[in-house]
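Dear colleague,

I am passing on the structure we spoke about, with the sequence alongside. Please open both before reading on, since my notes below follow the coordinates residue by residue.

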Amino acid sequence: MTRHWRSRSIGWQVRSTSLGPVLLAASENGICCLAFEDSENGLQRRFSGAQLMPAGARERALFDRAVAAIDQPGEDARSIPLDLHGTAFQHRVWEELRRIPPGQTRSYGELAAALGQPGAARAVGGANGANRVAVLIPCHRVIAADGGLGGYAYGEAIKRELLRRERGD
């Protein structure tokens, strides 16, 4: 995957949100990273070979919209341009995640079935975990088969709060 980023420029910035600091990064095509509690070192590992630079005006405008999607979930995050690299299957999973209405959830099995591959729940989980743009690709809307919250890369408290905000509780 790193070959996609070689010699590309990525503007980045850490922003404050009501859920804590978030690292944001964008290429010329759109946001390529939204990660809670990450660092420039983590960004360099994710985008090996890319030229990292402070965010310019274009990136900061995109980041304003991403922060709004976190702090005020009424923002239509689907309209924010993204720069995603992954397999065809990962892209299908990410698009299906974006179809889940805010405040609702699906299990990995339900997502696999929606993709026409009911036996692919583990593969769906892998694609969910490969998502680099938390919130914008709403991986927090995936729950365990038993109805529990399940895991989340940035902790259960953030996942719970994102879902609460989307439901308007």
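Val135 sits in the loop that runs between helix H5 (121-129) and strand S6 (142-143), and in this model, which is a predicted one, the residue has a positive phi of about 75° although it is not a glycine. Is Val135 buried or exposed? With a relative accessible area of 8%, Val135 is buried, because anything under 20% is counted that way.

The helix that precedes this loop deserves a careful look as well. In H5, the residues Val124, Ala127 and Asn128 are buried. Viewed down the axis of H5, the buried residues fall within an arc of 100°, so they line one face of the helix. Arg122 and Gly129, by contrast, are exposed on the other side of H5. What do the buried residues of H5 pack against? Their partners are helix H3 (88-99), helix H4 (108-114) and S6, the last of these being the strand at the far end of the loop that holds Val135.

One residue of H3 may catch your eye because of its charge: Glu96, which is found in that helix and which counts as buried because its relative accessibility is 16%, where the cut-off is under 20%. Leaving out residues up to four places away in sequence, Glu96 touches Leu111, Ala114 and Leu115; of the residues in that list, Leu111 and Ala114 fall within the range of H4 (108-114).

Two residues in the loop between helix H2 (57-71) and H3 are also worth setting side by side, namely Pro81 and Gln72. Pro81 is partly exposed, with a relative accessible area of 31%, whereas Gln72 is exposed, at 53%. Once neighbours within four places in sequence are left aside, Pro81 is in contact with Asn29, Gly30, Ile31, Leu62 and Arg65. Pro81 and Ala26 are 55 residues apart in sequence, and their C-alpha atoms are 9.4 Å apart in space. For Gln72 and Ala123, which are 51 residues apart in sequence, the corresponding C-alpha to C-alpha distance is 31 Å.

Turning to the protein as a whole, you will find 6 helices and 6 strands, and, read from the N terminus on, the elements follow the order β-β-β-α-β-α-α-β-α-α-β-α. The radius of gyration is 16 Å, close to the 15 Å that the globule rule gives for 169 residues, so the protein is as compact as a globular protein of that length. Taken along the principal axes, the C-alpha atoms fill a box of roughly 45 × 35 × 25 Å.

Of the 169 residues, 45% count as buried. When contacts between residues at least 6 apart in sequence are considered, 58% of them join residues at least 24 apart. As for the surface, the protein exposes about 8100 Å², and carbon and sulfur atoms supply 49% of that area. The protein carries 22 positive and 18 negative charges, and the mean positions of the two sets are 5 Å apart.

With best wishes

Notes: Residues numbered from 1 in each chain as written. Predicted model: local features only at pLDDT ≥ 70, side-chain atom pairs only at ≥ 80, totals over all residues. Heavy atoms only, no water. Helix = DSSP H or I, 4+ residues; strand = E, 2+ residues; numbered from the N terminus. Rg over C-alpha atoms; globule rule 2.2 N^0.38 Å. Buried < 20%, exposed > 50% of the residue type's maximum accessible area, 1.4 Å probe, protein only. Contact = heavy atoms within 4.5 Å. Areas by Shrake-Rupley, 256 points an atom, 1.4 Å probe, with all protein chains shown as cover. Lys, Arg positive; Asp, Glu negative; His and termini not counted. Charge placed at Lys NZ, Arg CZ, Asp CG, Glu CD. Arc of directions from axis to C-beta.
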